[in-house]
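Welcome! Please take a moment to look over the sequence and the 3D structure, and then let us walk through them together.

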Amino acid sequence: MNYWQISAGDGDTNLVDIFIKLNVALIGPGAEGDYFDNKNEYEKMGRDGDLVKVFAEEVQIGDRFILKHIKNPNTQTWKILAVGEVISPYRFEPIFDKVDSYSWDVQHCRRVKWYVPKDEVLVDKGGAPIRIQKLGENNPMRKRGEELFNELIQG
């Protein structure tokens, strides 16, 4: 099982409520359609296409997501908004086209069982502004996410 940090917005856009209320994790861009039907198009995108590839090919059922948001960029302090377990394979969901006023297309989807902490959970270092990233075993975000996941599923 791997741990991944994932974000639900860029500061101006906030998709956290969509993630948690609908039990999903979403990533874009999705304008090219289903990843597996359009791999060549996503490969041409560079970084954006690489992130979609990671989400579609590398994330597995049973992996854990740490939904995070930057709390203080100067001190690199991150807030863990939720932790969750991936419970479905990759799907392309057209309903998540243009989900906000910025017309974000985040149709790449996985179902996730989210657990939301009652109190604010902060982590110094270990996070990154990237939309999705695998976390190493010694990463502070992963370590706190593992602890939090265990607390919340037992609670």
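Two strands count as paired if DSSP finds at least two bridges between them. Helices (H or I, at least four residues) and strands (E, at least two) are themselves DSSP runs, numbered from the N terminus. With that in hand, S3 and S4 are a good place to begin: they run antiparallel and are joined by 8 bridges.

A word on the source first. This is a predicted model, in which local features need pLDDT of at least 70 and side-chain atom pairs count only at pLDDT 80 or more, while totals for chains, interfaces and linings use all residues. Residues are numbered from 1 along each chain as its sequence is written, and side-chain values use heavy atoms, with hydrogens and water left out.

**The whole chain**

The protein chain has 4 helices and 8 strands. Reading from the N terminus, their order is β-α-β-α-α-β-β-β-β-β-β-α. Along the principal axes, the C-alpha atoms fill a box of roughly 40 × 30 × 30 Å. The radius of gyration, taken over C-alpha atoms, is 15 Å, which agrees with the value near 15 Å for a compact globule of 155 residues; that globule rule is 2.2 Å times the number of residues to the power 0.38.

How much of the chain is buried? Of the 155 residues, 43% are buried. Here buried means under 20% relative accessible area, exposed means over 50%, and partly exposed lies in between (1.4 Å probe, protein chains only). As for contacts (heavy atoms within 4.5 Å), residues 24 or more positions apart account for 67% of those with a separation of 6 or more.

**The strands**

Strand S4 (77–86) has several partners. It is joined to S7 by 4 bridges, and the two run antiparallel. S4 also pairs with S6 in the antiparallel sense, over 4 bridges. With 8 of its 10 residues buried, S4 is largely enclosed by the rest of the structure.

S3, in turn, pairs with S1 in the parallel sense over 4 bridges. S3 and S4 form a hairpin with 4 residues between them, and Gln76 in the turn has a positive phi of about 55 degrees.

The table lists some residues that face one another across these strands.

| Residue | Partner and its strand |
|---|---|
| Gln5 | Ile66 in S3 |
| Leu67 | Ala82 in S4 |
| Ile66 | Val83 in S4 |
| Trp78 | Val123 in S7 |
| Glu85 | Lys113 in S6 |

**Helix H4**

Helix H4 has 15 residues, 140–154, and at 1.5 Å a residue it should span 21 Å; its end C-alpha atoms are 21 Å apart, which agrees. The expected span is 1.5 Å times one less than the number of residues. Which residues of H4 are buried? They are Met141, Arg142, Gly145, Leu148 and Phe149. Seen down the axis of H4, these buried residues fall within an arc of 130 degrees, so they line one face of the helix. The arc is that of the directions from the helix axis to the C-beta atoms. An α-helix has 3.6 residues a turn, so residues three or four places apart point the same way.

The buried residues of H4 are covered by parts of the structure that include strands S1 (3–6), S3 (64–72), S4 (77–86), S6 (108–115), S7 (121–124) and S8 (132–135). At the N-terminal end of H4, Asn139 acts as a cap, with a side-chain oxygen 2.6 Å from the backbone nitrogen of Met141.

**Unusual backbone spots**

Most residues other than glycine have a negative phi, and most peptide bonds are trans. A few places here depart from that pattern. Asn23, in the loop between helix H1 (16–22) and S2, is not a glycine, yet its phi is positive, about 55 degrees. Asn23 is partly exposed, with a relative accessible area of 26%. Lys125, also not a glycine, has a positive phi of about 65 degrees. Lys125 lies in the loop between S7 and S8 and is partly exposed, with a relative accessible area of 44%.

Where does Pro29 lie? Pro29 is in the loop between strand S2 (24–27) and helix H2 (39–44). The peptide bond that joins Gly28 and Pro29 is cis, with omega about 5 degrees.

Notes:
Polar contact = N/O pair within 3.5 Å; in protein donor to acceptor, adjacent residues only side chain to side chain.
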